[in-house]
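Work through these exercises with the model open beside you. Each task is followed by a stepwise solution.

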Amino acid sequence: MAKIIEVNGKFYPVKDETVLEALEQAGISIYSQCRDGYCGACTCKASNPEAVEHKKDIIASFDSKTEILACSSTVIEGQTLVLKM
């Protein structure tokens, strides 16, 4: 099954990479700093944040009901992550 990210009505396939890496590969600019889940700079609003899994060792603060950390999250197999960007 596919892993997909939707941004502004456009769909982008995801390989075995983080959301941040997939967005960068698609040419979508996103602010980030540490890339390890510590700073929270890459926090993104998501319509369905349950479509991702986060690394276990993140310490950045974010609202898991409405947001994801792009640097430390991966789209779950068979899911489409809808970002509000």
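**Exercise 1. Which residues line the largest cavity, and how do they divide by type?**

Solution.
- Step 1. Keep in mind that this is a predicted model.
- Step 2. Collect the lining of the largest cavity: Ser 32, Gln 33, Cys 34, Arg 35, Gly 37, Tyr 38, Cys 39, Gly 40, Ala 41, Cys 42, Leu 69 and Cys 71.
- Step 3. Sort them by type. The lining divides into 7 nonpolar, 4 polar and 1 charged.
- Step 4. Check the sorting rule: Cys and Tyr count as nonpolar, and Gly counts as polar.
- Step 5. Add the volume, which is about 40 Å³ for the largest cavity. The count of cavities of 30 Å³ or more comes to 1.

**Exercise 2. How many disulfides does the structure hold?**

Solution.
- Step 1. Apply the cut-off: a disulfide needs two cysteine sulfur atoms within 2.5 Å.
- Step 2. Read off the total. The structure holds 0 disulfides.
- Step 3. Test Cys 44. The nearest cysteine sulfur belongs to Cys 42 and is 6.4 Å away, and Cys 44 is in no disulfide.
- Step 4. Test Cys 71. Here too the nearest cysteine sulfur is that of Cys 42, at 3.7 Å, and Cys 71 is in no disulfide.

**Exercise 3. Decide for each: is Cys 44 buried or exposed, and is Cys 71 buried or exposed?**

Solution.
- Step 1. Take the cut-off: buried means under 20% relative accessible area.
- Step 2. Cys 44 has a relative accessible area of 6%, so Cys 44 is buried.
- Step 3. Cys 71 has a relative accessibility of 6%, so Cys 71 counts as buried.

**Exercise 4. In which sense does β1 pair with β7, and in which sense with β2?**

Solution.
- Step 1. Place β1 at residues 4-7, β2 at residues 10-13 and β7 at residues 80-83.
- Step 2. Take β1 with β7. The sense is parallel, over 4 bridges. Within this pair, Glu 6 stands opposite Val 82.
- Step 3. Take β1 with β2. The sense is antiparallel, over 4 bridges. Ile 5 of this pairing faces Tyr 12 in β2.
- Step 4. Look at the connection. β1 and β2 form a hairpin with 2 residues between them. Asn 8 sits in the turn and has a positive phi of about 50°.

**Exercise 5. Which residues make up the covered face of β7, and which the uncovered one?**

Solution.
- Step 1. The covered face holds Leu 81 and Leu 83.
- Step 2. The uncovered face holds Thr 80 and Val 82.
- Step 3. Link back to the pairing: Val 82 is the residue opposite Glu 6.

Key: Residues numbered from 1 in each chain as written. Predicted model: local features only at pLDDT ≥ 70, side-chain atom pairs only at ≥ 80, totals over all residues. Heavy atoms only, no water. Buried < 20%, exposed > 50% of the residue type's maximum accessible area, 1.4 Å probe, protein only. Pairing = 2+ DSSP bridges. 1 Å grid on protein atoms, 1.4 Å probe; cavity = no way out; pocket = protein on both sides within 12 Å on 5 of 7 lines; lining within 4 Å. Points joined across faces, edges and corners; volume = space filled by probe spheres on them.
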